[in-house]
Amino acid sequence: MKFKVIGAGLAGVEAAWQIANAGYPVELYEMKGIKRSPAHKTDLFAELVCSNSLKASRIDSAAGLLKEEMSMLGSLTVPVARSCSVPAGGALAVDRDVFSKEITKKIKSHKNITVINKVVDSLELEDDTITIVATGPLTDGALAENIKSIVGEYLSFYDAAAPIVTADSIDMSKAFGASRYGRGGDDDYINCPFNKAEYEAFINELVNAQGAVVHDFDVYEGCMPIEKLAKRGVDAPRFGPMKPVGLVDPNTNHRPWACVQLRRENSKGTMFNLVGFQTNLKFGEQKRVFSMIPGLENAQFVRYGVMHRNSFLDSPRLLNSSFSLRANNRLFFAGQITGVEGYMESAGSGIIVGINAVRLAQGKSPFVPNNDTMLGALCEYISDESVTNFQPMGANFGVLPPIEPKIRDKKERYAALSSRAIESLKLSMEIL
């Protein structure tokens, strides 16, 4: 049996890595070098197109538990991410260029992986080949039409990326370094504090600024453009990405009325992104409005926020919990095209797909972790036929079955859920 992976994003490299480490040759098709999507800026593999944060690292958090489970299954991306991390309080954030360069190097140097630079327009399914589609949420053109002809219509939503500014252009007489509640180092985040008058003036300009797309659109809740969030109510951003809790402005010795946090974008700390400030505003409007943020009056923007259309399958109607197509188990899908949402969720699905592609070739039953693990719960979610209004889902404790009797303390409850998941995954892995 032959193995073919289409797409060298986070899901694709993890799938190829699993197959190659199992001792099988695998062809990895990637169009970069010939063509790029509108969101991609480099020819590197596993490019992080939005935030450089892989979310919380604590094992008693949903995101941290997911990464621990991935590590247990031989992840490629998690150890690389940890090796090129940048300070980000309790989160695992990376120098995105170093991260992608290291992933690319490991993939290209693996003796069992052959990288083929090609724009794939058709899946060309063959009986002796297991095909994995990991082309991401921006899959379009002839390939998208070919996939539609095989599986039916896509669903879609819009995703957004936040702006990035240079560190030396931030006015530190107004901004200050600190992590919420003192977690992490003081240089992990730069905080831009607002008083009430500044905040209200900023929100007024934000909600009246001109967007790059004039028609309304569907947007995933986790990537809500800041201007659309602000239109829900003047205080909506203040209870969202601009929340001031856990912070004290050293210039006033009080908690700010609102606050914009900037997170390191690279290991040198020369660039910072505006946390939670995904946006669809025109570039000129971003410069005008975001320069109203205290400390960013003279900020140099090295990248403006962008918005792009994301597509995904109606997976509950189409996919098994192993991410294989119900109508053809030699065709797998992995990553955000399946409706998992997030960098590590995409990579985690690639691990599951790679393992199951090998097991299919070996004539073995699929490997799907129990649903009390984070990976298993996501496998269940994307294949649950009872889900009628299917939307992208990221790692969260709400997808796990509760512990009975209920543990009232949230911190203790999350720790117990994580501990149960790790032990459950260990048992599931006994068949591997």
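**Exercise 1. Determine whether Phe290 is buried or exposed, and describe its ring contact with Phe277.**

Solution. Step 1: Phe290 has a relative accessible area of 0% and is therefore buried, where buried means under 20% relative accessible area, exposed over 50% and partly exposed in between, for a 1.4 Å probe and protein chains only. The model is predicted, so local features need pLDDT of at least 70 and side-chain atom pairs count only at pLDDT 80 or more, while totals for chains, interfaces and linings use all residues. Residues are numbered from 1 along each chain as its sequence is written, and side-chain values use heavy atoms, with hydrogens and water left out.

Step 2: Phe277 is likewise buried, at a relative accessible area of 0%.

Step 3: Rings of Phe, Tyr and Trp (its six-membered ring) pair if their centres lie within 6.5 Å; planes under 30 degrees apart count as stacked, over 60 as edge-to-face and the rest as tilted. By this rule the count comes to 10 aromatic pairs. In the pair of Phe277 and Phe290, the centres are 5.4 Å apart and the planes stand at 70°, an edge-to-face arrangement.

Step 4: Phe277 lies in the loop between β13 and α8 (283-290), and Phe290 in helix α8; the pair links distant parts of the chain, 13 residues apart. Helices (H or I, at least four residues) and strands (E, at least two) are DSSP runs, numbered from the N terminus.

Step 5: Phe277 and Phe290 also belong to one aromatic cluster with Phe194, Tyr199 and Phe202.

**Exercise 2. Classify the ring pair of Phe397 and Tyr414 and state why it is so classed.**

Solution. Step 1: The ring centres of Phe397 and Tyr414 are 4.4 Å apart and the planes are at 25°, so the pair is stacked.

Step 2: Phe397 lies in the loop between α11 (374-383) and α12 (410-428), whereas Tyr414 is in helix α12, so the pair ties together parts that are 17 residues apart in sequence.

Step 3: Phe397, at 12% relative accessibility, counts as buried, while Tyr414, with a relative accessible area of 27%, is partly exposed.

**Exercise 3. Establish the strand order of the open sheet that contains β5 and find which strands stand at its edges.**

Solution. Step 1: Two strands pair if DSSP finds at least two bridges between them. Strand β3 (residues 53-56) pairs with β5 in the antiparallel sense over 2 bridges, and Ser53 has Ala93 in β5 as its bridge partner.

Step 2: Strand β4 (residues 85-86) also pairs with β5 in the antiparallel sense, over 2 bridges; here Ser85 stands opposite Val94.

Step 3: The 3 strands form an open antiparallel sheet in the order β3-β5-β4. β3 and β4 stand at the edges with a single partner strand each, so one side of each is left without a neighbour in the sheet.

Step 4: β4 and β5 form a hairpin with 4 residues between them, and Gly89 in the turn has a positive phi of about 60°.

Step 5: In strand β5 (residues 91-94), Ala91 and Ala93 point one way and Leu92 and Val94 the other way; all are buried.

**Exercise 4. Identify the strands that pair with β13 and the residues that stand opposite Phe272.**

Solution. Step 1: Strand β9 (residues 164-166) pairs with strand β13 (residues 271-274) in the antiparallel sense over 3 bridges, with Val165 opposite Phe272.

Step 2: Strand β12 (residues 258-264) pairs with β13, again in the antiparallel sense over 3 bridges. Phe272 is the bridge partner of Arg264.

Step 3: The hairpin of β12 and β13 has 6 residues between the strands, and Gly269 takes a positive phi near 70°.

**Exercise 5. Determine how many disulfides the structure holds, and examine Cys192.**

Solution. Step 1: With a disulfide taken as a pair of cysteine sulfur atoms within 2.5 Å, a search of the whole structure finds 0 disulfides.

Step 2: Cys192 is in no disulfide, and the nearest cysteine sulfur, that of Cys259, is 6.7 Å away.

Step 3: Cys192 counts as buried at 0% relative accessibility, and Cys84 counts as buried at 8%.
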